[in-house]
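Me: I have a model open and want to learn how to read its features one by one. Could you take me through them?

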Amino acid sequence: MNSATIIEAIKNRRSCRKFKPETPKRSEIEIVLDCANHSPTGMNRQNLQFTALLRREEITLLAGILSEILDRRDYHFYHAPCLILVSAPLDHPYPDLDVGAAMENLYLACEGLGLGMVWINQFHDECSNPQLRAALDSFEIPSHHAVQAAAAIGYPDAAPSALERTMKIVIRD
């Protein structure tokens with residue numbers, strides 16, 4: 001394992017908000033999903049579900065539903081050609097932690113494959129909306145699951161620049 005490559009991927013990863021219209025290859029999406037599937041989960045529960053939407057009409061349908069629910073005009077997931085929904089059981093004690101780890105694996109896999117990704121978090125509190133729930137059911141997301149996050153993925157059309165890191169780091173010897 002090349003630790004320099006892993007560290008470079010972590011440091012170079014950026015959220016991408018502008019995508020080319022081409023859909024990533026199915027083989028690339030399968031690799032990204034496999035990496036998400038290898039993310040750690042609390043007590044090794046492994047009870048998340050990853051649902052990849054590659055059909056433009058399904059992504060547009062979800063965007064339209066969320067646009068209505070959130071009262072946001074022209075909501076579009078940054079026109080990404082792929083959307084991966086990450087869902088967890090409603091009774092999951094710590095979904096944010098497991099989903100956060102899976103999302104980071106998705107980010108790093110995308111970075112490694114030359115794909116762009118941005119984290120979408122608008123689903124979390126809206127999954128009980130009947131119109132959204134019907135769409136999620138049609139995408140085979142179990143009724144006892146809520147979408148905790150989504151990854152909008154595609155080939156980047158612009159290279160986002162790095163911002164200065166300002167989080168506090170404390171090391172006590």
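**Salt bridges, pocket and loop**

Reply: The structure holds three salt bridges. A salt bridge is a side-chain nitrogen of Lys or Arg within 4 Å of a carboxyl oxygen of Asp or Glu. This is a predicted model, in which local features need pLDDT of at least 70, side-chain atom pairs count only at pLDDT 80 or more, and totals for chains, interfaces and linings use all residues. Residues are numbered from 1 along each chain as its sequence is written, and side-chain values use heavy atoms, with hydrogens and water left out.

Me: What is the general idea behind such a pair, and which residue forms a salt bridge with Glu30?

Reply: Side chains of opposite charge can pair when their charged atoms come close. Here Glu30 pairs with Arg26, and the closest N and O atoms are 3.0 Å apart. Both residues lie in helix 2, four residues apart, about one turn of the helix. Helices (H or I, at least four residues) and strands (E, at least two) are DSSP runs, numbered from the N terminus.

Me: Are Glu30 and Arg26 buried or exposed?

Reply: Start with the cut-offs: buried means under 20% relative accessible area, exposed over 50%, and partly exposed in between (1.4 Å probe, protein chains only). Glu30 has 43% relative accessibility, so it counts as partly exposed. Arg26 has a relative accessible area of 59%, so it is exposed. For a long-range reference, take Tyr155: Glu30 and Tyr155 are 125 residues apart in sequence and 15 Å apart in space, C-alpha to C-alpha.

Me: Which residue forms a salt bridge with Arg133?

Reply: Asp137 does, with the closest N and O atoms 3.0 Å apart. Arg133 sits in helix 5 (residues 130-138). The two residues are separated by about one helical turn, because they are four residues apart in helix 5. Arg133 is buried because its relative accessible area is 13%. Asp137, at 40% relative accessibility, counts as partly exposed.

Me: What is Arg133 in contact with, leaving aside its neighbours within four places in sequence?

Reply: Contact means heavy atoms within 4.5 Å. On that basis Arg133 is in contact with Cys127, Ile141, Pro142, Ser143 and His145, once neighbours within four places in sequence are left aside.

Me: Which residue forms a salt bridge with Glu58?

Reply: Arg55, with the closest N and O atoms 2.8 Å apart. Glu58 counts as buried, because its relative accessibility is 16%. Keep Arg55 in mind for the pocket.

Me: Then how should I read a pocket, and how much space lies in the largest pocket?

Reply: Rolling a probe the size of a water molecule over the atoms shows where empty space is left. About 290 Å³ of space lies in the largest pocket. Of the 13 residues that line it, the closest to its centre are Thr51, Ala52, Leu53, Leu54 and Arg55. On a 1 Å grid over the protein atoms alone, a cavity is a set of points where a 1.4 Å probe fits but cannot get out, whereas a pocket is an open set with protein on both sides within 12 Å along at least five of seven lines. Lining residues have an atom within 4 Å of a point. Grid points are joined across faces, edges and corners, and the volume is the space filled by probe spheres set on the points.

Me: Which element gives the most to the lining of the largest pocket?

Reply: Helix 2, with four residues. Helix 2 (26-37) and strand 1 (49-53) each supply at least two residues of the lining.

Me: How do the residues of the lining divide into nonpolar, polar and charged?

Reply: The lining of the largest pocket has six nonpolar, two polar and five charged residues. Ala, Val, Leu, Ile, Met, Phe, Trp, Tyr, Cys and Pro count as nonpolar, Asp, Glu, Lys and Arg as charged, and the others, Gly among them, as polar.

Me: Now the loop between helix 2 and strand 1. What does Ser39 touch, not counting residues up to four places away in sequence?

Reply: Ser39 lies in that loop. It touches Ala101, Ala102 and Asn105, with residues up to four places away not counted. The C-alpha atoms of Ser39 and Val99, 60 residues apart along the chain, are separated by 8.8 Å. Ser39 is buried, because its relative accessible area is 9%.

Me: Which residues in the loop have a positive phi?

Reply: Asn44 and Gln46 are two to look at. Asn44 has a positive phi of about 55 degrees although it is not a glycine. Phi of Gln46 is near 50 degrees. Asn44 is found in the loop between helix 2 and strand 1, and so is Gln46. Asn44 counts as exposed because its relative accessibility is 52%. Gln46 is exposed too, with a relative accessible area of 54%.
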